[in-house]
Each structure stands twice: as C-alpha cells, then as structure tokens.
Amino acid sequence: MKILILGASYGSLLSTKLLMAGHDVTLICRSKSAALINEEGTEVRIKLRDEVLPNFKSGALNIWHAGCSTGEEVYTMKFVLEECGLISRTRQLATDLSSKALKKATKGDYSLDTIKPYLVPFLKFFPGKHL
C-alpha cells in the first residue's frame with residue numbers, strides 16, 4: 001500500500017511504524033524538520049509519564065492509538081499506565097489501516113529481534129522493571 005503523510009511531528013513516528021509494517025511510505029515536511037528527523041531519528045519527545053499523565057488524575061481516560069501498526073506502542077502505554085496507577089480507569093483503542101498489522105498487534109507476540117532495539121530505552125523509562 002502506498003501512503004503519503006504530511007507533517008513531521010507525529011508523521012515521522014507514524015511513517016516509521018508503517019514502514020516497519022511493510023508499506024511504501026512518503027513523508028513530506030519542511031526541510032528543517034526533515035534535517036532533525038535525519039539527525040536524531042523518530043524519537044518521541046513527549047515526557048508522557050512525568051508531564052502529561054499527571055494532568056489526568058481523575059475520571060475515565062480514553063486513549064486512541066491511531067496508526068498503531070503492530071501494537072508495540074499500545075503495550076508500552078499499558079506499562080506506563082500501570083506504573084502510574086491509571087490502568088483500571090483507562091480504555092485504549094488501537095486502529096490501523098493494515099488488517100495484517102492489527103492481527104499481529106492483537107496477538108502481542110513479538111520476537112526478540114523486534115524488541116531488542118527498544119530494551120535500553122524501556123529499561124531507562126522503567127528502571128524498576130525486570131524482563
């Protein structure tokens with residue numbers, strides 16, 4: 001499937017996920033944003049656990065993972081929500097254009113080769129977790 005994404009911020013992350021799912025992706029963004037993406041990769045810069053989630057202290061929390069690809073982000077968010085004590089009142093919705101990617105996401109079965117690049121950031125973010 002050929003996909004065109006406009007914008008660098010979330011677009012770069014979404015593009016990476018779609019590429020990993022085997023799609024033909026073109027990302028269009030300003031040259032300054034493209035240079036930053038090429039230099040630093042597609043890191044998520046939102047300090048979710050420390051800055052965003054504390055603003056949701058009460059009530060239901062609904063999270064939509066648009067373009068969830070094979071689901072790694074969804075499972076990581078579950079760990080974050082669990083650590084913050086929010087999992088019991090949170091509902092996550094994960095969607096993607098690819099039914100093949102969604103099937104893999106539903107299984108949640110990832111090979112070591114798939115998760116290996118994320119182990120160091122995972123352990124930095126969750127220093128008390130053991131794998």
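In this predicted model, strand 3 shows two contrasting sides: Leu61, Ile63 and His65 make up its covered face, while Asn62, Trp64 and Ala66 lie on the uncovered one. Two residues of the covered face, Leu61 and Ile63, turn up again in the largest nonpolar core. That core has seven residues, and its other members are Leu53, Met77, Val80, Leu81 and Leu86. Strand 3 (61–66) and helix 4 (72–83) are the elements that give two or more residues to this core. Helix 4 gives the most, with three residues. Such a grouping fits a broader pattern: in soluble globular proteins, nonpolar side chains tend to be buried together.

It helps next to look at the neighbours of strand 3. Strand 3 runs parallel to strand 4 (residues 90–95), and six bridges join the two. To pick out one pairing, asparagine 62 has arginine 91 as its bridge partner in strand 4. Asparagine 62 itself belongs to the uncovered face of strand 3. Together with helix 4, the two strands make a right-handed β-α-β unit.

The path from strand 3 to helix 4 holds a small surprise. Serine 69, in the loop between these two elements, has a positive phi of about 55° although it is not a glycine. Most residues other than glycine have a negative phi. And is serine 69 buried or exposed? Serine 69 counts as buried because its relative accessibility is 3%, and the cut-off for buried is under 20%.

Conventions
Residues are numbered from 1 along each chain as its sequence is written. This is a predicted model: local features need pLDDT of at least 70, side-chain atom pairs count only at pLDDT 80 or more; totals for chains, interfaces and linings use all residues. Side-chain values use heavy atoms; hydrogens and water are left out. A nonpolar core is a set of buried Ala, Val, Leu, Ile, Met, Phe, Trp, Tyr and Cys residues joined through side-chain atoms within 4.5 Å. Buried means under 20% relative accessible area, exposed over 50%, partly exposed in between (1.4 Å probe, protein chains only). Helices (H or I, at least four residues) and strands (E, at least two) are DSSP runs, numbered from the N terminus. Two strands pair if DSSP finds at least two bridges between them. A crossover is right-handed if, with the strands pointing away from the viewer, the path from the first strand over the helix to the second runs clockwise.
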